[in-house]
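The following exercises concern a predicted model. Please work through each task before reading its solution.

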Amino acid sequence: SFGLRSKQTSLSLACRSHMQHCVRIHLTCSRCSWLDSKRTAKGFHKRPGKIVLFEGARFSGQAYEVYRDVPDATWMQLSALISVKVVRGCWVLYEKPDFQGRTIALEEGAIELNNVWAEDGVDTEPRDSSPMLIGSIRLAVWDYSIPRIDLFTEPEGRGRITSYHDDMIETGAFGIPLSTASIQVYSGVWLVFSDPGFQGMLAVLEKGEYPIPESWGFASPFVGSLRPLKMGGFKVENGIEVKAVVYEKPGFQGSCMEVDSNIFSFSEGEAADSNKPTSVGSLKVIGGIWVGYSEPGFEGQQHILEEGEYWDSSDWGGSDGLKSLQPVLSDFFSPHLKMFRERDFGGVDIDITIPVTNMEETGYGTKVQSLDVIGGVWVAFEEPGFCGESYILERGLYGCPEDWGALQPRIASAMPVVLVGSRDFHWRTCVPQVQLFSEPGFQGCNVVLEDSATSLQDGFCVASCKVLSGSWLAFEGANFTGRLYVLEEGSYADLKSMGCVQGTSIMSLQTVGFEFSLPSITLYERCGLRGKRVVLTDGTVNLPLTAGCSRVQSLVVEGGIWVVHEGFNYRGAQFVLKPGEVLDWYKFSSWLKIGSLRPLPQKQVHFRLRNRQSQLLMSLVGDLDDVKMMRIQEMEESGKLEQIWFYHKGSLHCQLLEECCLSPSGSVVMAGSRVGLTAELDAHAHLWSISPEGFICYTPTPNLVLDVKGGHHYDKSLVILNTQDPKRQQQMWDVEIL
């Protein structure tokens, strides 16, 4: 139920039980002791709230973004049917100002609300269509603290007491509700129902005492079921435009500045300007997830900062201002965390792919001395329930607790950070994006491009740029001519950082696109693909020295996108090569040599595969409990995870079961073989590539491609392997990047 896999060595139960109770290790290093003494004791992690109310249905009309309590919301212009998106936190809408009157409780997610507070007509007339009026709005739940509610059998808190901390679908027995004459809510916001199964009359109860049933709106002293409002997980809405605005004083006062990259120290360097903050007293995170530190140089206590507003240091769990700040730039897809009991990845290990509230409940315990973040971005906590010291974990290896900033080898709960859409909660088509500036340092006029441009606006000269998504080629001439420069995702403060020579002018830009195949290039010593050959699957900074290839006169790119440089160490003129042949390199490039080359790295992207003939989507169908019996077939678009795919190290994975990959079914692979999923990630048996023409080729047998079976039988929509036919549209698939 925890979505994790554990590999145990032969340990006695007594030893295993003992290891689950790890003892805090006090570091003897004087600097670590000093940092420990300066750390503020952390309770439950407090998160910024956000709710968006739309004037009309289907998220239309004026949008009102709310980040904190609104005592009077009557100024909002709403219709009789509104739509609401709760991004972070749990919120309560009140009928009247100052948090009075009837209430509507909302958890994270999207919902449409009609004018529930309008009065019914005297006979059978429906509620009127007058605009909905919200009196006030309150952020009711902002952390993962444990909720508690007590039910009493007699009024005024007397009689037998029953306490609850979580959902209870039936409080009584045999369908008979629990006799409840009074209630006390100690923490959280609770939804109390008159009948079992969360049915019947509903009351929203906040912290306080309710001495009789009438005080929570029930006519009879019975409670059938109840549950608390719960927070969702860490999320990022705007993962492309990473930005924050920092203020020197609390309450968004004092000097401020906008940042989009690391700030090593607010008291040194550029930030030492008298007009800029020397520390952070409050801030607004516009995009991305950030980490603030209590000391300069990314040292001291860590504070995880999601998108939202932080009025003062208490909002991020500290006692003082932040001294350094950095954004998390890793991708958030396919979360996978491996924990190890011993340092340097030794001892018992456990794999986690979903949030874990309490590591003790997994049977593994809380002692963790090294980590391997295989995918995604994670937040680890030293206490259960996402409480205590928190640490951000990006993809990579952490050989000891000090590597992730901890003072003890303990992780008691962990949660991945997920990427969600800012405008909707569904996958949408992704577009490359670059922001061009007319002055260095991202100043002056700016132009945003989402597609290739054969020429730029008259009079506009590129002096700096930010590549927000995708990879781009910048050309010195119009119509993609002249010398080119490869621009990957990131910020380029001037032309020199783009690799341009002095006096360069950028006249046109082109998107690179995506290539779904493993990088491979074969270099030949003679023209026409003849002579000695050298096969490379990785980059080299000095081709003659490391690969023994001093003369290249022809080449074949079998897979990946390659950046070829005339000079060593990826310097000098550049060419970008996609799969294909170059029979005469000198005639193609006018270069006498190739000094260095590398495959262009690509972010892992998610996509749909749409059959070019039927316009249906490749989908995963079947029972999740029996992966071997699941089948791949084309279906109408559903918007669900079984139609979302991604490409990883040559394998095709479905987002619904990302630990499995696409594979031919059966031991004999031939034309007509079905395809399914397998959890056995064989490095050679389950490799695929997608050609520019749209063929999904099985790499071990390149002439076999994915096809739709067709015909008139029940299995006509199954996806199978078939011999490639360049004229058969049914074998071609359009890749829709999401």
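**Exercise 1. Identify the bridge partner of Glu383 in β30, and describe how β29 and β30 are arranged.**

Solution. Begin with the residue itself: Glu383 has Cys387 as its bridge partner in β30. Next, consider the strands. Strand β29 covers residues 377-383 and is joined to β30 by five bridges, the two running antiparallel. The connection between them is then examined: β29 and β30 form a hairpin, with three residues between them. In this turn, Gly385 has a positive phi of about 70°. Finally, consider the surroundings of β30, residues 387-393. Seven of its seven residues are buried, so the strand is largely enclosed by the rest of the structure.

**Exercise 2. Locate Arg410, decide whether Arg410 is buried or exposed, and state which side chain it contacts.**

Solution. Arg410 is found in the loop that lies between β31 (396-398) and β32 (413-419). Its relative accessibility is 16%. Buried means under 20%. Arg410 therefore counts as buried. As the last step, the side chain of Arg410 is joined to that of Glu383 by a polar contact of 3.3 Å.

**Exercise 3. Classify the aromatic pair of Tyr310 and Trp316 and the pair of Phe437 and Phe442.**

Solution. The search of the whole structure yields 26 aromatic pairs. For Tyr310 and Trp316, the ring centres are 6.4 Å apart and the planes lie at 50°, so this pair is tilted. Tyr310 and Trp316 are both buried. For Phe437 and Phe442, the distance is 5.7 Å centre to centre and the angle between the planes is 70°; the pair is edge-to-face. The accessibility of each partner is then assigned. Phe437 counts as buried because its relative accessibility is 6%, whereas Phe442, at 21%, counts as partly exposed.

**Exercise 4. Which residue has its charged end over the ring of Phe442, and which over the ring of Tyr364?**

Solution. Take Phe442 to start with: the charged end of Lys466 sits over its ring, 4.9 Å from the ring centre. For Tyr364, the charged end over the ring belongs to Arg341, at 4.4 Å from the centre.

**Exercise 5. Which residues form one aromatic cluster with Tyr144?**

Solution. The cluster is formed by Tyr144 together with Phe234, Phe381 and Phe386. To place Phe381, compare its number with the strand limits: β29 comprises residues 377-383.

Methods
Residues are numbered from 1 along each chain as its sequence is written. This is a predicted model: local features need pLDDT of at least 70, side-chain atom pairs count only at pLDDT 80 or more; totals for chains, interfaces and linings use all residues. Side-chain values use heavy atoms; hydrogens and water are left out. Helices (H or I, at least four residues) and strands (E, at least two) are DSSP runs, numbered from the N terminus. Buried means under 20% relative accessible area, exposed over 50%, partly exposed in between (1.4 Å probe, protein chains only). A polar contact is a pair of N or O atoms within 3.5 Å; within protein, one must be able to donate a hydrogen and the other to accept it, and residues adjacent in sequence count only if both atoms are side-chain atoms. Rings of Phe, Tyr and Trp (its six-membered ring) pair if their centres lie within 6.5 Å; planes under 30 degrees apart count as stacked, over 60 as edge-to-face and the rest as tilted. A charge sits over a ring if NZ of Lys or CZ of Arg is within 6 Å of the ring centre and within 35 degrees of the ring normal. Two strands pair if DSSP finds at least two bridges between them.
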